[in-house]
Structures are given as structure tokens and as C-alpha cells.
Amino acid sequence: MVMCVLLASACLRTPAEEAGIDFGYAIDPGPLATDPIYQTIVRNDATIVTPENHMKWSLIHPGPNTYDFTLADQIVATAAANGQSVRGHTLVWHSQLPAWVTSGIWTRETLLSVLEDHITTVVSHYRDNFPGVVTQWDVVNEAFHADGTRRDTIWQQVIGDDYIELALQFARAADPDAELYINDFYDNVIVAADSQLNGLPAGPGASPDRTDCALVPKCAATRTLATDFSNRGVPIDGIGFQAHLFGQQATDYAELASWVGPLGLEWAITELDVALLAAQGDDNAALTAQADAYAKVVDACVGDPACDTIVLWGVSDAHSWIPGTTFGLLDHGLLYDHDNVPKPALVAVYDSLTAE
Ligand code: XIL
């Protein structure tokens, strides 16, 4: 085991390249422009990056006739300069939508036309201005409820069941070379946190043991949809597993995703983080369990030819979404701590990427 040294060149990047894995982080244009340590970590570790927020509808398409690519372009330009690729995130979602979409009065036809314009404009912008850099798109994000029914979004309500395949078709038409994903979470950090708070066992969907897709209703629904798409030739290339985990609760993603490869599709770990309780920042046992959870997830992807992408949801704990989302209950989910010091999880990821 060779210890990764912060600021050494290509800390995780070379191991990832040698393992044939696109590895990287969700990033934010703020620290990317101003924080030299952040810049260095992103350059040294990542072969791929995801804009954490700046390609979402409310930021990139804030008014009916207004697109604002400024900050997303900064991310993509930096990635291009670093020789990295980008996962576009995300074209169709129920969250972070502007009011003009959520409060609009729509018919199926008018909303479909807005959706087509959005997908075509955004995907074409990157295909034309940064050729070959945005290699993957999360076309539809979080389309299902935990019980496997369609999430009750404006897209589902107004357009209907076929909005997912139509969105995939619009994206394929705009960039035939990009890999098109549907993306969702199959563990819920909030459920796990609540059950921890109440002293109850983790709720449905949070169980680390539930690795049979048929027993996770949302996974079963995704599988049914992907099988149908694959049979009918709907353009889809992959299934994204967000993997927002809590503590040592690492699902065996290779098992959960074992149906994906046989359909001729890929799966990816798209938003990995492993939250701890906020008080556990210096707790060696918790940090070791976290490292083990990271290793388990990375091993699953490295060991499955159908998986070749792992993106972590942030660079260091200083910029993670976890404390804000969990009212300060959870924290410490990433490979570098609040002071950018590498954690045991970084060594674990390095070891998993370099294991034979
Ligand atoms: C999160 C961002 O990390 C936050 O900064 C933002 O406030 C809310 O969205 N699933 C997703 C991501 O697909 O887009 C979410 O990102 C986290 C959950």
C-alpha cells in the first residue's frame, strides 16, 4: 500500500486510470475558482467531475427564454483544461426547478415542448462548445418513489409515463455520443438518520442487507423500466446509483446492480458519500468503518465490468451538502476532512483502485 500524499501529483487519478474507472467528484464553481487546495485535489484525483448544482434547471434555465451557462461552463472548461470529462447532472428532476416551471399552467403539449427545448439546448450547448467533454448525462433523476411507483412530479402529472423515454430520445438526438443515464437513490440517509435518532432499526430502503433488487421496490421498478427500454430500443446506456450512505451501511452494489450488465447497460456510482454522526469527526472506529464502506462500494464497481464510473458527492467535508441537509446531525462524509486532510477513507479508495 502506497500512502497517498496530499498535493502529490495524480493522487487517485493514476490509480483510477489504471483500473479503467472514471473517478471523481461533484464540484462547485466557487471553491474551484478561489481555493488552491480544492483545485489541486480535483486536478490530482479526478478523471471525471459532476457539477453539483450548476446544470440544474433553476440555475441553467432560470427564465422561459433565459439560459445562463456561465458557471456550468466554468466547471466544464476547467475539466477540459485538466483533461477530465464531465457527467452532466441533471436534465429532468422534480427538485431545483424554477418557479416559472413549477407554477406554470401547462398542457402535455406545452410542457413537452419546454422539456424538449431544455434538453436540446443544454445538451447541444455542451456538445458544440466543449466537444467530447460531457460524456455522460443524468437525463432523468429520481423518477420513482421508494414503493416503486412513479414519483408524483410535474413531468409525471402533466406529460405522463412516457416523459422518461421522450427525455432520453431528446438527449440522444442532441448528442448521439453521450452516455444517457437514469439516476436514483436506493438507500436514504435521512431514513437511516431518523432511525438512528429514534433507536429504531433502519427503515425500508436503508437496510444494508437488502441487495436483491427484487426486494427493493424502487430498484425493481427501475429494472422493469430499463428492461422495457432495452427491449424497445429506447436510448438508455446506464443506471446511476447515487449511494448516499450512512456510517458503515454499504450496500453490495454489484449485487443490487447485477441485472444491469445482462441488459447491455452500464451502472455507475454517481453521488457517493458516507455520512457519520457530526460528533464522530475524530472517532477512529467510525472513520475506519467509513473507510470500509468506501472500500466495499469501490470494490463492487472495480470488480464488475458493467461499472466504470464512481463519483463522490463533494471534494472535502468543508463543502459537503450533508450537514445542511441533515440539520447538522450528520457530517464527515467525504475523503478529505474540513481542513482538507486525507482520511482513512482516502487510503481505502486508493487501495481498492490499485488492488489486482
Ligand atoms: C444536492 C446538492 O448537493 C446541494 O448543494 C443542493 O442544495 C441540493 O442538491 N441527489 C441529487 C443531487 O441528485 O442533485 C443532490 O444534490 C443530492 C441528492
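**Group meeting: a walk through the predicted model**

Let's start at one residue, His125, which sits in helix H7. Please keep in mind as we go that this is a predicted model. Is His125 buried or exposed? His125 is buried, because its relative accessible area is 15% and the cut-off for buried is under 20%. Leaving aside residues up to four places away in sequence, His125 touches Phe69, Asp73 and Phe130.

Staying on that helix for a moment, H7 runs over residues 108-129, and Thr120 belongs to it too. Thr120 is partly exposed, at 32% relative accessible area. There is also a distance you can check on screen: from C-alpha to C-alpha, Thr120 and Ala167 are 9.6 Å apart, while 47 residues separate them in sequence.

Now let me step back to the whole chain. We have 15 helices and ten strands here. The chain has 356 residues, and 57% of them count as buried. If you take contacts between residues at least 6 apart in sequence, 76% of those join residues at least 24 apart. As for the outside, the accessible surface is about 13700 Å², and carbon and sulfur atoms account for 53% of that.

How far can we trust it? The average pLDDT over the chain is 91, and 90% of the residues score at least 70. Where is confidence lowest, and where is it highest? The low end is helix H10, residues 189-198, with a mean of 37. The high end is helix H9, residues 163-174, at 99. Around H10 the weak stretch takes in residues 188-208, where pLDDT stays under 50. For that stretch the model has 36 contacts beyond four places in sequence.

On to the ligand, which I suspect many of you came for. How many residues surround the ligand? There are 13, and the closest are Glu52, Lys56, His89, Asn141 and Glu271. Sorted by class, this shell holds six polar, four charged and three nonpolar residues. Let me go through some polar side-chain atoms beside the ligand. For Asn141, such an atom lies 2.8 Å from a ligand oxygen. Gln96 also has one by a ligand oxygen, at 3.2 Å. With Gln242 the partner is a nitrogen atom of the ligand, and the distance is 3.4 Å. On its own the ligand would expose 420 Å², and the protein buries 77% of that.

His89 deserves a second look. The peptide bond that leads from His89 to Thr90 is cis, and its omega is near -5 degrees. Thr90 itself is part of strand E3, which covers residues 85-92.

Next, two backbone oddities. Phe327 has a positive phi, near 55 degrees, although this residue is not a glycine. You will find Phe327 in the loop between helix H14, residues 322-325, and strand E10, residues 330-331. Phe327 counts as exposed because its relative accessibility is 81%, and exposed means over 50%.

Asn340 is the other one, again a residue other than glycine with a positive phi, here near 65 degrees. Its place is the loop between E10 and helix H15. Is Asn340 buried or exposed? Asn340 is buried, at a relative accessible area of 11%. The side chain of Asn340 also makes a polar contact with the side chain of Ser316, at 3.4 Å.

That loop brings us to H15, residues 344-354. H15 is mostly covered, with eight of its eleven residues buried. Which residues are they? The buried set is Ala345, Leu346, Val347, Ala348, Val349, Tyr350, Ser352 and Leu353. As you look at that list, remember that an α-helix has 3.6 residues a turn, so residues three or four places apart point the same way. And what do the buried residues of H15 pack against? Their partners are helix H1 (13-19), strand E1 (22-27), helix H3 (36-45) and helix H13 (284-302).

To wrap up, here are the spots to bring up on your own screens. Begin with His125 and its contacts to Phe69, Asp73 and Phe130. Then visit Asn141 beside the ligand, and the cis bond from His89 to Thr90. Finish at H15, where eight of the eleven residues are buried. And please treat residues 188-208 with care, as pLDDT stays under 50 there. Thanks, everyone!

Definitions and conventions
Residues numbered from 1 in each chain as written. Predicted model: local features only at pLDDT ≥ 70, side-chain atom pairs only at ≥ 80, totals over all residues. Heavy atoms only, no water. Helix = DSSP H or I, 4+ residues; strand = E, 2+ residues; numbered from the N terminus. Buried < 20%, exposed > 50% of the residue type's maximum accessible area, 1.4 Å probe, protein only. Contact = heavy atoms within 4.5 Å. Areas by Shrake-Rupley, 256 points an atom, 1.4 Å probe, with all protein chains shown as cover. Near = heavy atom within 4 Å. Polar contact = N/O pair within 3.5 Å; in protein donor to acceptor, adjacent residues only side chain to side chain. Nonpolar A, V, L, I, M, F, W, Y, C, P; charged D, E, K, R; others polar. pLDDT = per-residue confidence, 0-100.
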